[in-house]
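Dear colleague,

Please find below the structure that I am handing over to you. A summary of the findings follows it.

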Amino acid sequence: MKKWCKAGVMFLLMCLLLIPLGACGSKEKETTKVRVAEVTRSLFYTPQYVAIEKGFFKDEDLTIDLKTTAGGDKTMTALLTNGADIALVGSETSIYVAQGSDDPVINFAQLTQTDGTFLVSREKIDNFNWDMLKDSTFLGQRKGGMPQMAGEFVLKKHNIDPKKDLNLIQNIDFANISTAFASGTGDFVQLFEPTASVFEKKGKGYIVASFGTESGHLPYTVYMAEQSYLKEDKETVEKFTRALKKAQDWVQESDASEIAKVIQPYFEDTDLDTMETVINRYKEQGSFATDPILDEEEWNNLQDIMDEAGELPSRISHDELVNTDFAEEVSK
């Protein structure tokens, strides 16, 4: 009996000695914090939220501190004043701030590759054609912003002069455009999702065309950082881009209903059915980039659209403001 008791005591002592070793072995890895400023909260950025919620950033030992900085100017200001490490915003902003900078903002990973807005009519139109916009009141986006420039590019493509053929309204803040339309302003409006689909569901407006389909591929929303950050935190940027690529792959392979459930925490005021409709719409028109590479053709298309709108300060080569090294490495 004494021998059994001794053996039991020895076993317990050994277990107690092993506990600290086990605890040391399970110590969590240190993670690198990355401050990301997004220009707005939108289902258009679905792969970003997937990368967070599915743990793809965590797998790369990164912790994402995400904040929404409404508007391209505020997002760029956050980046340039050390309020963020990485900005998610339209590529045109990197061109606007490029002049005379000794630490230029570099585009390194593409998230969306088409315009994300839709043309919404106040009345239901069964057989829409672009000529129906002539002499109408059109509620557009902010002058100089990518949505408005892409919108004007599409209108001109269909022989509509935005300044002469429309009563163009551009003096309403981005956040209030949908409210203005709902209150009775305008015959047509250019809207992002999920607002466009919500309006359609409630009978407040009807989607009649996609500016994304009409304007072609361009680097609409891109991750960018100052050149110094890309050099000094090269490993972090590569990990970030790799996590994004994993999310892009997962979005392409998954159905909209599954994606909607994963990212619902970011859109608590939007029901799952609407989210599914929106995600499907963006997937079908190829809005989500399938890889993070911003190629030269897209870059040139962007500048053509800016030039057509009279908003291009001067042409800047792809090599000057785009770094595809990280995107190409993770896409192999």
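Are Phe128 and Trp130 buried or exposed? In this predicted model, Phe128 is buried, and Trp130 is buried as well. The two rings form an edge-to-face aromatic pair, with 5.4 Å centre to centre and 70° between the planes.

Across the whole structure, the search returned 15 aromatic pairs. One of them joins Phe108 and Phe240, again edge-to-face, at 6.2 Å centre to centre and with 65° between the planes. This pair links distant parts of the chain, since Phe108 belongs to strand E4 (residues 105-112) and Phe240 to helix H11 (residues 234-253), 132 residues apart. Phe108 and Phe240 are both buried.

Ring pairs also connect Phe44, Tyr45, Phe118, Phe192, Tyr220, Tyr282 and Phe288 into a cluster. Over the face of Phe118 lies Arg281, at 5.7 Å from the ring centre. Likewise, Arg122 lies over the face of Phe181, at 4.0 Å from the ring centre.

Turning to the backbone, five strands make up an open sheet with mixed pairing, in the order E7-E6-E8-E5-E9. Its edge strands are E7 (167-169) and E9 (206-210), each of which pairs on one side only. On average, neighbouring strands of the sheet are turned by 30° against each other, direction ignored. Strands E6 (residues 137-139) and E8 (residues 188-192) run parallel and are joined by two bridges; Leu139 has Val189 in E8 as its bridge partner.

Two helices should also be mentioned. Helix H6 (residues 146-157) packs on the sheet and touches E5 (117-121), E7 and E8, its direction making about 130° with that of E8. Helix H8 (residues 195-202) packs on the sheet too, touching E5, E8 and E9, at about 125° to the direction of E8.

Yours sincerely

Technical notes: Residues are numbered from 1 along each chain as its sequence is written. This is a predicted model: local features need pLDDT of at least 70, side-chain atom pairs count only at pLDDT 80 or more; totals for chains, interfaces and linings use all residues. Side-chain values use heavy atoms; hydrogens and water are left out. Two strands pair if DSSP finds at least two bridges between them. Helices (H or I, at least four residues) and strands (E, at least two) are DSSP runs, numbered from the N terminus. Axes are lines fitted to C-alpha atoms, for helices over the stretch in contact, and angles run from 0 to 180 degrees between N-to-C directions. Contact means heavy atoms within 4.5 Å. Rings of Phe, Tyr and Trp (its six-membered ring) pair if their centres lie within 6.5 Å; planes under 30 degrees apart count as stacked, over 60 as edge-to-face and the rest as tilted. Buried means under 20% relative accessible area, exposed over 50%, partly exposed in between (1.4 Å probe, protein chains only). A charge sits over a ring if NZ of Lys or CZ of Arg is within 6 Å of the ring centre and within 35 degrees of the ring normal.
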